[in-house]
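Reader: Hi! Could you walk me through this one in simple words?

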Amino acid sequence: MVKAQVGEYRTDFAVGVNGGYMMSNIGFMPEVPQKMLGGLTGGLTMRYTCEKYFKSICAIVAEVNLAQTGWKEDIMDADRQPVYYADDAQQLNPLSYERKMTYVQIPLMARMGWGRERKGFQFFFQVGPQIGLFMSEKTSTNVVMGKGTANQRSSQVVAQDSMAVEKTFDYGIAAGLGLEFSHRKLGHFLIEGRYYYGLGDIYGNSKSDYFGRSNFGQIVIKATYLFDLVRTKNDKIK
């Protein structure tokens, strides 16, 4: 007897919700000194588990998330001291600038897991493409263009401060590592750390444009809850 199927098939389909915290910046070229900007992310998650190949549990994961992203500028002088306006230097209100943008993000990832499927813990890795659709933006700043400062900014790249988002479609690669706890009756509880690297730009990048690059970098810590809609009938699955 010859058996061609090496793996054990699965037809598990689970849906649920996710939420977490995102830290993001923009890879500008010319460079803009930045700190990580914090924001929230959350949405819907769908997972289809198709096979257990040796000890690896194979699945496809799709999400539709609403995410707060953007950048926060690190406005310092050459000595790494905060920059103040000349007439406000004694009030200790350093210059600040941050741009918050809202995106609908849709990642589609291949997932590999190792461990328990129905009761216990499972470690997983997932990676795949992600697209983003720009929804809105909001700026918070005390910077006044043309107003003199008490000390000199280390970076004179300020064009981004007055430029609206030009490209409303984003795309890139997302990858994450996480841990899942499953219970036959309660469902699946997941925690994950994920990184997203944008391959698209928010501004034009031709020779006539100011920026040659303006892509996202995002770190996400998120929790997910899933419950099974379809479950493979096999009492041997642990």
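**Salt bridges and a pocket**

Author: Happy to! Arg47 and Glu180 form a salt bridge, with their closest N and O atoms 2.9 Å apart. The term means a side-chain nitrogen of Lys or Arg within 4 Å of a carboxyl oxygen of Asp or Glu. This pair links distant parts of the chain, 133 residues apart: Arg47 is in strand β3 (residues 37-53) and Glu180 in strand β7 (residues 169-183). Strands here are DSSP runs (E, at least two residues), numbered from the N terminus.

Reader: Before I go on, what kind of model is this?

Author: This is a predicted model, where local features need pLDDT of at least 70 and side-chain atom pairs count only at pLDDT 80 or more, while totals for chains, interfaces and linings use all residues. Residues are numbered from 1 along each chain as its sequence is written, and side-chain values use heavy atoms, leaving out hydrogens and water.

Reader: Cool. Are Arg47 and Glu180 buried or exposed?

Author: Both Arg47 and Glu180 are buried. That means under 20% relative accessible area, with exposed over 50% and partly exposed in between (1.4 Å probe, protein chains only).

Reader: And how many salt bridges does the structure hold?

Author: Eight. One of them joins the side chains of Arg99 and Glu137 at 2.8 Å, N to O. Arg99 lies in strand β5 (residues 97-115) and Glu137 in strand β6 (residues 120-141), 38 residues apart. Arg99 counts as buried at 3% relative accessibility, whereas Glu137 is partly exposed at 31%.

Reader: Which residues do shared partners join into one network?

Author: Glu63, Glu192, Arg194 and Lys222.

How values were computed
Helices (H or I, at least four residues) and strands (E, at least two) are DSSP runs, numbered from the N terminus.
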